[in-house]
Amino acid sequence: TTSNRTWRMRVMMQRATDLECIVTDCESSARLLEANMIREHQTVFNVLLRDDTRFPFVTFSYSEMYPRVFITRQPRRRSRPPRLHGEQHQPSVDRHYGPFADIGQLRRMLDALKRTFPLRQRPKPLFSDRPCINYDMGRCPGVCQHLVTPDVYRDTLEKVEMMFQGRVEELVTMLKNSMSLAANGRDFEKAAKLRDQIQGVLKIVHQSDFFSSASLSSSVY
């Protein structure tokens with residue numbers, strides 16, 4: 001009620017000892033920063049944002065042999081047993097990035113990432129004996145039929161994760177170096193794929209404010 005809001009504001013002002021202003025690049029970055037600070041400090045008066053249930057996260061499901069990248073509003077920490085013999089030692093606990101303020105833009109950005117990098121698209125295989133159309137379109141490396149090893153697949157996944165870690169410039173430099181090596185080795189098909197990935201990453205960055213300096217402060221756990 002109005003009286004309760006007035007009471008809360010009066011008590012909050014009585015307890016306040018300092019005022020600090022933080023300038024962000026845009027409104028969505030401001031909302032994201034606010035949500036992160038409320039969750040970090042568990043403020044008394046901002047109860048609506050304190051439990052994170054209203055904002056989406058991006059999950060990298062490292063608890064699966066072939067991890068997925070998907071949006072969730074209820075991030076949970078899952079883990080898996082030690083990996084099979086012969087696989088590299090890698091973390092096997094799910095990672096969550098967020099919270100994010102604009103769910104529509106987040107979905108468009110994640111869809112663009114999945115078009116740029118071949119990732120697992122489905123929670124469960126569509127067919128038992130062959131990959132689905134996503135494999136034919138180059139959007140999935142055929143994880144349901146184990147057409148790619150977990151370690152090779154993870155290398156691709158970690159490139160996507162670099163975007164959420166604020167390492168965009170490092171990712172672009174890595175892709176450019178790989179493209180030069182492929183071209184020098186006359187592997188022009190691989191070089192062309194890497195060129196397309198570079199263009200895809202730059203396009204995503206230019207069309208989204210998630211990867212600005214402010215929004216890249218989103219948490220990971």
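In this predicted model, the loop between α4 (133–136) and α5 is home to H146. The backbone there does something a little out of the ordinary: H146 has a phi near 55°, a positive value in a residue that isn't glycine. For context, most residues other than glycine have a negative phi. H146 counts as exposed because its relative accessibility, 54%, is over the 50% cut-off.

A second case turns up further along the chain, at R186. This residue sits in the loop linking α6 and α7, and its phi is near 60°, again positive without being a glycine. R186 has a relative accessible area of 65%, so it is exposed.

Stepping back to the overall layout, the chain has 7 helices and 4 strands. Read from the N terminus, they come in the order α-α-β-β-β-α-α-α-α-α-β. The chain is 221 residues long, and 40% of these residues count as buried.

What does the inside look like? The largest nonpolar core is made of 33 residues. The residues with the most contacts inside this core are F60, L113, F117, M163, F164 and V201. Several elements chip in with at least two residues each: the strand β1 (57–60), plus the helices α3 (103–116), α5 (150–164), α6 (168–184) and α7 (188–207). The biggest giver is α5, which puts 6 residues into the core.

Two of these contributors, α3 and α5, also pack as a helix pair. In general, two packed helices are described by the angle between their axes and the distance between the axes. Here the axes of α3 and α5 come within 11 Å of each other and cross at roughly 150°. Since angles over 145° count as roughly antiparallel, that is how α3 runs relative to α5. As for handedness, α3 passes α5 in a right-handed crossing.

Aromatic contacts add another layer to the picture, with 6 aromatic pairs in the structure. One of them brings together F60 and F164, whose ring centres are 5.7 Å apart. With 80° between the ring planes, this pair is edge-to-face, because the angle is over 60°. The contact bridges distant parts of the chain, given that F60 belongs to strand β1 and F164 to helix α5, 104 residues apart. Both rings belong to buried residues, F60 on one side and F164 on the other.

F164 has another partner in F100. This pair is edge-to-face too, at 6.2 Å centre to centre and 80° between the planes. Once more, distant parts of the chain are linked: F100 comes from the loop between β3 (95–98) and α3, whereas F164 is in helix α5, 64 residues apart. Like F164, F100 is buried. The two pairs are part of a wider arrangement, as F60, Y62, Y97, F100 and F164 form one aromatic cluster. F164 therefore shows up in a number of roles: it is among the residues with the most contacts in the core, and it pairs with F60 through an edge-to-face contact.

A ring contact of another kind involves F127 and R130. The charged end of R130 sits over the ring of F127, 3.7 Å from the ring centre.

Notes
Residues numbered from 1 in each chain as written. Predicted model: local features only at pLDDT ≥ 70, side-chain atom pairs only at ≥ 80, totals over all residues. Heavy atoms only, no water. Core = buried A, V, L, I, M, F, W, Y, C linked by side-chain atoms within 4.5 Å. Buried < 20%, exposed > 50% of the residue type's maximum accessible area, 1.4 Å probe, protein only. Phe/Tyr/Trp six-rings, centres within 6.5 Å; stacked < 30°, edge-to-face > 60°. Lys NZ or Arg CZ within 6 Å of the ring centre and 35° of its normal. Axes fitted to C-alpha atoms, helices over the stretch in contact; angles between N-to-C directions. Parallel < 35°, antiparallel > 145°, perpendicular 65-115°, else oblique. Left-handed = near helix turned anticlockwise from the far one by under 90°.
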